[in-house]
Amino acid sequence: MANITKKVSWSSRGDESGGGERTPLLNGSEELSGDGGMFHIGRLSTVDLEEDMTSDEVTFRSPRLYEQYRWCKSVCVCVCVFQSLDYDNSENQLFLEEERRMSFLGFKCLEISRWVICGLIGFLTGLIACCIDIAVENLAGVKYYVVKQNIEKFTEVGGLSISLILWAVLNSAFVMLGAVIVAFFEPGAAGSGIPQIKCYLNGVKIPRVVRLKTLVVKVCGVICSVAGGLAVGKEGPMIHSGAVVAAGVSQGRSTSLKKDFKVGGYCGVLFSLEEGASFWNQMLTWRIFFASMISTFTLNFFLSIYNNKPGDLSSPGLINFGRFESDSVAYNLYEIPLFIVMGAAGGLLGALFNILNYWLTIFRIRYVHRPCLQVMEAMLVAAVTATVSFAMIYFSNDCQPLGPDQSEDYPLQLFCADGEYNSMATAFFNTPERSVRSLFHNPPGRLFYNPLTLSLFTLTYFFLACWTYGLTVSAGVFIPSLLIGAHRTLARLVSIMFVCRSLSQVWAVPGKYAFNGSCRGIVRMTLSLTVIMVEATGNVTYGLPIMLVLLTAKIVGDYFVEGLYDIHIKLQSVPFLHLEAPATSHWLTAREVMGAPVTCFNRIEKVGTIVDVLSNTSTNHNLGKICGLILRSQLIVLLKHKVRELARSRLTQRKLQLKDFRDAYPRFPPIQSIHVSQDERECMMDLTEFMNPTPYTVPQETSLPRVFKLFRALGLRHLVVVDSENRVVGLVTRKDLARYHLGKHGLEEMQLAQT
C-alpha cells in the first residue's frame with residue numbers, strides 16, 4: 001500500500017457498546033466491518049463527526065488536509081446512511097422449492113405479467129408527463145398574459161414599477177409553493193432526481209427516492225418551478241417520476257426485477273443505457289423499448305384530446321424544436337472544423353458552469369441547510385429572475401417587425417413603434433422550450449435578435465441557471481443548458497452575418513448553428529442527447545455535426561471537471577461505482593481492500609447469539625470454511641416469525657416460504673422491535689435452508705479491477721474473500737471499492753483506520 005496517497009487518516013473513539021470494528025466511510029458514516037462473512041448481517045450507522053471525532057484524534061500530513069477535514073466536519077454531520085442494494089437472488093432452499101413447484105404455464109404467466117407491468121409503467125409515465133406539460137403551459141400562459149397586459153397598461157400611463165412588483169410576486173408565489181412542499185414535506189424530491197436514480201440503479205439505496213410521496217411532490221414541485229419562471233426544465237423530474245412509477249408498480253417483486261422495471265421507467269433505451277443501468281441484457285432492451293412505445297402513444301393520445309384533435313397521434317412529443325426546412329439543413333466540409341470549435345467552446349462553458357455550481361452547492365451545504373432558509377433562497381432567486389428579466393426588457397432597444405407569420409405567443413410592444421415588438425421580451429416571455437424553438441428557426445436574412453440582445457441574455461441566463469440548479473425545488477437543467485448554448489452560438493453567428501450582409505450574401509443559416517451549438521458540456525450526455533436532438537427536430541442530417549460537438553464538448557469538459565450529475569453524486573458522498581476501476585490499481589488485491597475480521601455463525605446457532613450480534617452487543621469471529629451466506633434482513637424475518645427449535649425437544653414452528661420474506665420487503669423491522677424472551681434465547685435456529693449456499697467468492701489474491709467488475713456487472717452487495725483452503729478471511733463491500741480513485745497524485749485512498 002505504499003504507492004497510495006493517504007488523503008485523510010483518522011481513528012474514532014472506541015465503541016461504547018462493545019461492537020465490532022468500525023471504519024469511517026467516504027460519506028462520514030461508519031460500517032461495522034465485522035458484520036458479514038459466512039452469514040452477512042451488515043449494518044450501517046450514522047456518525048456525528050462533531051461528537052465522535054475531534055482534532056486531537058486525527059493525524060494529517062499537511063495543514064491543507066486539516067483544512068479539508070475542518071470543512072468535512074461542517075458539511076458531513078447530517079449525511080444520510082447509504083446502503084447497498086442486493087440485486088443477486090439468494091438461491092437458498094426456499095427459492096429452489098418455489099421454482100420446482102412452478103409449472104411451465106406458471107413461468108409463461110410470470111413472463112407475460114412482466115410485459116404487462118412494463119406496459120403499465122409506460123402508460124402511467126406518459127400520463128404523468130402529459131399532465132405536467134399541460135399544467136405548465138396553462139399556468140405559465142396565464143402568468144405571462146397577466147404580466148403582459150399589466151405592462152401594456154402602465155406603459156401608457158406610467159408606473160411600470162407596479163408591473164415589476166406583480167411579476168416578482170407571481171414568480172415568488174409559484175416558487176414558494178414548490179419550495180415549501182419540497183423542503184417541509186419531501187426533501188428527496190429536490191433537484192432533477194437523475195443523480196439519485198443513477199445511484200439507485202448503480203446499486204446504492206438512496207432513502208425515500210422512490211416513494212409515492214416523492215412522486216406527488218415531484219410533479220407538483222416541477223409545475224410550480226417552471227411556471228414560476230425559474231431557469232429550469234421539466235425533463236429531469238419527468239425521468240425521476242417514471243422511475244418512481246416503475247418502483248411502485250413493481251412493488252413486491254424481487255430486487256433484481258425492481259431494478260429492471262426502474263430502468264424501464266427511467267426514459268428511452270439509450271438514455272437508460274448511458275446514464276442508468278450498470279447491467280444490461282437483450283430482454284431488458286426490448287422491455288424498455290416497449291415501455292417507451294406505450295408511453296409515447298399515451299402521451300400523444302391525451303395530447304390529441306387536449307388539442308381538440310382526437311385520434312391524431314402525430315405529435316412529436318414533449319421535446320419539440322420544430323422541423324428544419326429542406327434547404328436549411330445542408331452543411332459543407334469546411335464547416336466541420338467550426339462544429340469542433342463550437343464543441344470545444346461548449347466544453348469550456350460547461351466546465352465553468354459545473355465549477356461555479358459546485359462551490360455554490362458547498363455554500364448551501366454549509367449555511368443554507370434549514371428548510372425555512374431554503375424556501376427563502378428559492379423565493380429570492382425567483383424575485384431576482386423576474387427583476388433581471390424586467391430590467392433587460394426595459395433597457396433593450398431591440399425592436400423587430402411583427403410580421404404576419406409571427407409565431408410568438410406574447411409579443412410585447414413596450415417602447416417600440418407600432419407594428420414592432422421587443423425582442424428581449426420575447427426571449428423572457430416564454431417557457432425555455434419555446435425559446436429554444438424560436439432560436440432554432442430564425443430564418444436566414446431576417447434577424448429576430450441582434451448580437452447585443454443575445455449576448456446579454458446568454459450572460460444573465462447562464463448565471464441564473466447556475467444559481468437555480470441545486471435549489472430546494474423540483475427542477476431539471478437539460479433545456480436551460482440547450483438554451484444557453486443556442487443563444488451563445490447564435491450571438492457569435494449573427495455578428496459574422498452583419499459583416500457578410502454588406503456583401504449582399506447570406507453566409508450561414510443561424511438556426512443551424514444555434515441547433516448544433518446548443519449541445520453544451522454540462523451534463524456530458526452523448527448517445528442519448530444525439531438521438532434526442534434528432535428526434536426533437538425530425539431530421540437526421542445533423543447527426544454527424546451533433547456527435548462531433550458533443551464528443552468534443554465532453555472531452556474538453558472532462559479535462560477540467562466531471563459532469564454536473566457526477567459532481568452532485570460526489571457531493572452527496574454516495575459510494576458510486578463508475579464504469580471501471582482506477583487505471584493503476586491492478587497491483588491491489590482483495591486482501592488489501594477487504595474488511596476483516598468478519599462475523600460468522602454456525603449452521604445451527606443459538607437465538608441469543610444471533611440477537612446479540614444483530615444488536616451489536618457481541619461479536620462472533622469464529623472463522624472457518626464457508627458454507628453459505630445470509631442477510632441481516634433474513635435473520636430479522638426469522639426472528640420475527642419465531643423460527644426456532646427448542647433446546648430439549650424437536651418441536652418446530654410452521655415452515656416459512658419465500659413469500660414471507662417478500663412481504664417484509666423493503667421495510668424490515670429493527671432488531672429492537674423484536675421481543676425475545678430469556679427462554680427463547682436458549683433455543684436453536686437452523687439456518688441451513690435460508691442461507692445462500694453458493695455465494696460469490698474470490699481468492700484473496702484477486703486484483704481490484706476484477707473485484708470491481710464483479711460488483712458492478714452483477715450488482716453485488718458483498719463479496720466473500722477466501723484463502724487457498726476456502727476459509728473466510730474477509731469481506732469486500734461497495735465502500736471498500738469506492739474509496740479508491742485516480743487523483744492528481746496517482747491512486748488515492750480514503751484511509752479506513754482501525755479503532
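**Notes on salt bridges, rings and membrane segments**

1. The count comes to 16 salt bridges in this predicted model. Here are a few that may be worth a look on screen.

2. Start with aspartate 133 and lysine 234, whose closest N and O atoms are 3.6 Å apart. This salt bridge links distant parts of the chain, 101 residues apart: aspartate 133 sits in helix H4 (residues 104–157), and lysine 234 in the loop between helices H7 (212–227) and H8 (235–249). Both residues are buried.

3. Another long-range link joins arginine 591 and glutamate 701, with 2.3 Å from N to O. Arginine 591 belongs to helix H22 (residues 590–593), while glutamate 701 lies in the loop between strand E13 (697–699) and helix H27 (704–714), 110 residues apart. Arginine 591 is partly exposed, at 38% relative accessible area.

4. For a local example, see aspartate 558 and lysine 554, which form a salt bridge at 3.2 Å. They are separated by about one helical turn because they lie 4 residues apart in helix H20 (residues 543–560). There is also a salt-bridge network made up of Glu111, Arg114 and Arg287.

5. Turning to the rings, the structure holds 14 aromatic pairs. Tyrosine 394 and phenylalanine 395 make an edge-to-face pair, because their planes are at 85°, over the 60 degrees needed; their centres are 5.1 Å apart. Elsewhere, ring pairs join Phe123, Phe297, Phe301 and Phe302 in a cluster.

6. An unreviewed UniProt entry lists transmembrane regions, among them residues 288–306 and 529–551. In the model, residues 288–306 are 100% helix, with end C-alpha atoms 27 Å apart. Residues 529–551 are 78% helix, and their end C-alpha atoms are 11 Å apart.

Key:
Residues numbered from 1 in each chain as written. Predicted model: local features only at pLDDT ≥ 70, side-chain atom pairs only at ≥ 80, totals over all residues. Heavy atoms only, no water. UniProt positions renumbered as here; feature names shortened; annotations may be inferred. Helix = DSSP H or I, 4+ residues; strand = E, 2+ residues; numbered from the N terminus. Phe/Tyr/Trp six-rings, centres within 6.5 Å; stacked < 30°, edge-to-face > 60°. Salt bridge = Lys/Arg side-chain N within 4 Å of Asp/Glu carboxyl O. Buried < 20%, exposed > 50% of the residue type's maximum accessible area, 1.4 Å probe, protein only.
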